[in-house]
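Okay, thanks for coming, everyone. I'll put the model on the screen and then walk through the bits I'd like you to look at.

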Amino acid sequence: STMVVPESEDKMYYPSDDMKRDAHVSDFNVYLALHRKSLENPEGFWKEIADEFFWKNPPTGPMMQYNFDSTKGSIYVKCMEGAKTNVCYNVVDRLVREKNLGDKVAFYWEGNSPDHHLSVTYHQLLSQVCRCANVLKQMGVGKGDRVSIYLPMIPELVYTMLACARIGAVHSIVFAGFSSECLCERIMDAQSSILVTADGVYRGEKLINLKQIADEALEKCSQKAASSVTKCLVVRHQTLRTKSSSGCHKLQVHTTPWRSGYHVWWDEVMKDAPDECEPEWVDAEDPLFILYTSGSTGKPKGVLHTVAGYMLYTSLTFKYVFDHHPDDVYWCTADIGWITGHSYVTYGPLANGATSVLFEGIPVHPHVGRFWEVIEKYKVTKFYTAPTAIRLLMKYGRDPLQRYDLSSLKILGSVGEPINPEAWQWYHDAVGQGRCPVVDTFWQTETGGHVLTPLPAATPLKPGSATFPFFGVEPAILSEDGEELEGEAEGYLVFKRPWPGIMRTVYRNHERFENIYFKKFPGFYVTGDGCRRDKDGYYWITGRIDDMLNISGHLMSTAEVEAALMVHPAVAEAAVVSRPHQLKGECLYCFVTLTNNKEFSQTLAEELKKLGKIMRRILRQVACNEKDLGDLSTLSDPKVVEVLFSQRCEATA
């Protein structure tokens with residue numbers, strides 16, 4: 001093994017004795033032994049995990065079967081083939097019936113406004129999921145049918161996805177900030193028969209009329225082809241009905257046309273639905289959900305995950321990476337519209353009987369202490385968020401933190417992109433008060449769960465490194481010509497074998513699946529990310545390979561250039577892309593957001609600050625002066641793109 005116990009004391013953070021005392025994996029040698037077992041005896045390793053779940057029928061085949069080499073036939077991965085089970089039964093009924101957790105809180109729901117909150121016990125969750133499952137069945141949804149879900153972060157989103165799992169339907173959740181065009185594209189590709197949405201939602205101060213967007217999407221579906229959607233189930237968002245200080249209702253209920261029989265109010269059909277529903281026992285390799293990921297170009301890919309492997313993997317990664325114990329209160333700030341929300345808001349935590357915070361709001365509304373207020377309110381012990389949010393909150397300094405009691409925190413997590421060392425340090429020192437390990441998790445929509453990650457009581461940490469592989473995961477670093485590099489190295493991050501939670505295909509396009517992930521280096525799953533392994537065996541993600549620049553023969557990572565720019569005290573956020581250059585082949589094109597008190601040009605600085613999470617695809621197109629940008633709905637202020645074009649600099653051409 002190339003993994004060694006690190007000798008370097010340079011910026012190393014070791015787990016405390018307190019952390020080790022009750023941990024599931026209590027030191028690095030225990031981790032190494034378990035990791036070795038998971039690779040040498042995957043059958044025994046995964047069978048032990050599977051034994052904790054309920055199976056209607058046992059598997060007829062081995063735990064894992066696969067082919068990663070496209071030169072030897074079709075790519076496939078199978079886990080526990082022949083077994084029959086139901087994910088919803090395992091993450092809800094099993095906990096109520098076998099573990100007696102019916103009265104335990106599954107979710108503390110915290111709305112966009114601090115005035116709106118409620119708690120949902122496991123018993124209440126089971127009842128609501130069964131009602132929703134019966135409603136879907138009454139609407140004609142059966143095993144294998146697709147249901148598109150376009151909902152904000154409200155409990156009904158969890159009820160609907162679990163109801164789909166219960167009856168063997170396939171959920172396709174679309175982030176409720178996406179445009180009607182995005183929603184239409186995903187409904188049409190999945191050929192969904194039902195759309196579940198809400199009348200509207202407030203995101204911060206901004207009202208988003210979801211039903212109107214959904215209606216526009218369905219209209220577009222009809223124009224492009226005969227729409228597959230037969231009914232649109234609409235949730236009344238309760239917070240929109242609260243009176244404002246002036247006594248006026250914030251939202252008129254019928255803001256958009258209502259087609260009787262086609263549009264159906266959620267509360268009206270739910271109240272009459274029975275709260276018992278027999279689960280549909282499905283095959284281990286039946287589809288559980290489709291989640292569309294846009295990638296950097298082209299038509300969104302429907303990443304398909306299946307029942308048994310995804311359940312095992314999200315459950316185990318959640319338990320070990322967050323060192324979950326029964327008295328924890330866990331909070332992942334991700335929206336369920338993304339894979340992080342699927343794996344680490346819904347399925348992973350519920351499989352472990354966890355109590356979680358389900359958060360609808362944003363970090364800075366109604367004030368910049370909102371995250372810390374929620375942590376104090378629920379005494380959150382494990383907190384999982386994105387570097388983007390951390391950097392945003394860093395700008396406000398430590399003052400907002402000092403107004404709240406964060407002493408309940410034990411573990412901090414980072415997800416979504418490599419975290420720059422400065423943000424890691426602030427997160428560790430200011431939020432975790434120097435006593436909470438930071439688990440910096442690397443994974444993808446495609447991997448289903450964490451693949452490179454520290455374990456909080458076992459792994460000495462290096463700020464900015466995703467550290468080591470999770471159980472069952474065997475990484476390698478390849479050169480451009482496919483040579484496997486040993487020891488200290490930098491190149492393409494690939495994986496030599498599957499783990500149970502890896503995607504199985506691109507929905508209705510297996511050829512695209514093989515081309516994207518397996519064609520470049522036969523025998524390996526290609527992540528598309530660059531990676532560096534240091535002398536101690538630690539893995540560092542250097543960014544997307546399509547974000548690597550070849551400037552006059554020098555390979556340069558945009559992530560590293562961004563990190564360098566971020567060191568300057570005047571820079572709040574930076575993104576770097578490549579554009580063609582006559583002499584050098586490629587050159588750097590840097591987008592920089594300045595801190596509040598600095599000026600570059602007033603208009604540019606003010607507009608750039610609003611950009612929020614930067615989308616490199618769009619920036620690359622701006623850099624190359626390509627005007628056809630496609631969907632911009634994930635930007636907090638899409639108008640900023642017009643400003644970027646108007647201020648575009650030609651000097652480097």
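Let's start in the loop between β2 (76-79) and β3 (84-85), where methionine 80 sits; helices (H or I, at least four residues) and strands (E, at least two) here are DSSP runs, numbered from the N terminus. Methionine 80 has a positive phi of about 60 degrees although it is not a glycine. Is methionine 80 buried or exposed? At 2% relative accessibility it counts as buried, where buried means under 20% relative accessible area, exposed over 50%, and partly exposed in between, with a 1.4 Å probe and protein chains only.

Quick housekeeping. This is a predicted model, so local features need pLDDT of at least 70 and side-chain atom pairs count only at pLDDT 80 or more, while totals for chains, interfaces and linings use all residues. Residues are numbered from 1 along each chain as its sequence is written, and side-chain values use heavy atoms, with hydrogens and water left out.

Two more backbone oddities. Arginine 508 is another residue other than glycine with a positive phi, near 60 degrees, and it lies in the loop between β24 and α16 (510-517). Then there's a cis peptide bond, from histidine 365 to proline 366, with omega near 0 degrees. Proline 366 is in the loop between β17 (355-359) and α12 (370-378).

Now the sheet I like. It's an open one with 5 strands, in the order β22-β21-β23-β25-β26, and the pairing is antiparallel; two strands pair if DSSP finds at least two bridges between them. On the edges we have β22 and β26 (539-544), each pairing on one side only.

Zoom in on β21, residues 475-478. In a regular strand the side chains alternate between the two faces of the sheet. Here Pro475 and Ile477 point one way, Ala476 and Leu478 point the other way, and all are buried. Which residues are the bridge partners in β23? For isoleucine 477 it's leucine 493, and for alanine 476 it's valine 494. Altogether, 4 bridges join β21 to β23, running antiparallel.

On the other side, β21 pairs with β22 (residues 484-485) over 2 bridges, again in the antiparallel sense. Isoleucine 477 has a bridge partner there too, leucine 485. β21 and β22 make a hairpin with 5 residues between them, and glycine 482 in the turn has a positive phi of about 85 degrees.

Staying with that sheet, on to the aromatics. The count comes to 49 aromatic pairs, with rings of Phe, Tyr and Trp (its six-membered ring) pairing if their centres lie within 6.5 Å; planes under 30 degrees apart count as stacked, over 60 as edge-to-face and the rest as tilted. Why is the pair of phenylalanine 495 and tyrosine 525 called stacked? Because the ring centres are 6.4 Å apart and the planes are at 25 degrees. That pair links distant parts of the chain, with phenylalanine 495 in β23 (residues 489-495) and tyrosine 525 in β25 (residues 525-533), 30 residues apart. Both phenylalanine 495 and tyrosine 525 are buried.

Tyrosine 525 also pairs with tryptophan 499: centres 6.2 Å apart, planes at 90 degrees, so that one is edge-to-face. Tryptophan 499 comes from the loop between β23 and β24 (505-506), 26 residues from tyrosine 525, and tryptophan 499 is buried as well.

For the cation people: lysine 462 lies over the face of tyrosine 538, at 4.7 Å from the ring centre, and lysine 78 lies over the face of tyrosine 76, at 5.3 Å. The rule is NZ of Lys or CZ of Arg within 6 Å of the ring centre and within 35 degrees of the ring normal.

What about disulfides? The count is 0, taking a disulfide as a pair of cysteine sulfur atoms within 2.5 Å. For cysteine 130, the nearest cysteine sulfur is that of cysteine 277, 5.6 Å away. For cysteine 221, it's that of cysteine 184, at 3.7 Å. Cysteine 221 is buried, with a relative accessible area of 2%.

Last stop, helix α13 (residues 387-394). How many of its 8 residues are buried? It's 6, so the helix is mostly covered; among them are Pro387, Ile390 and Leu393.
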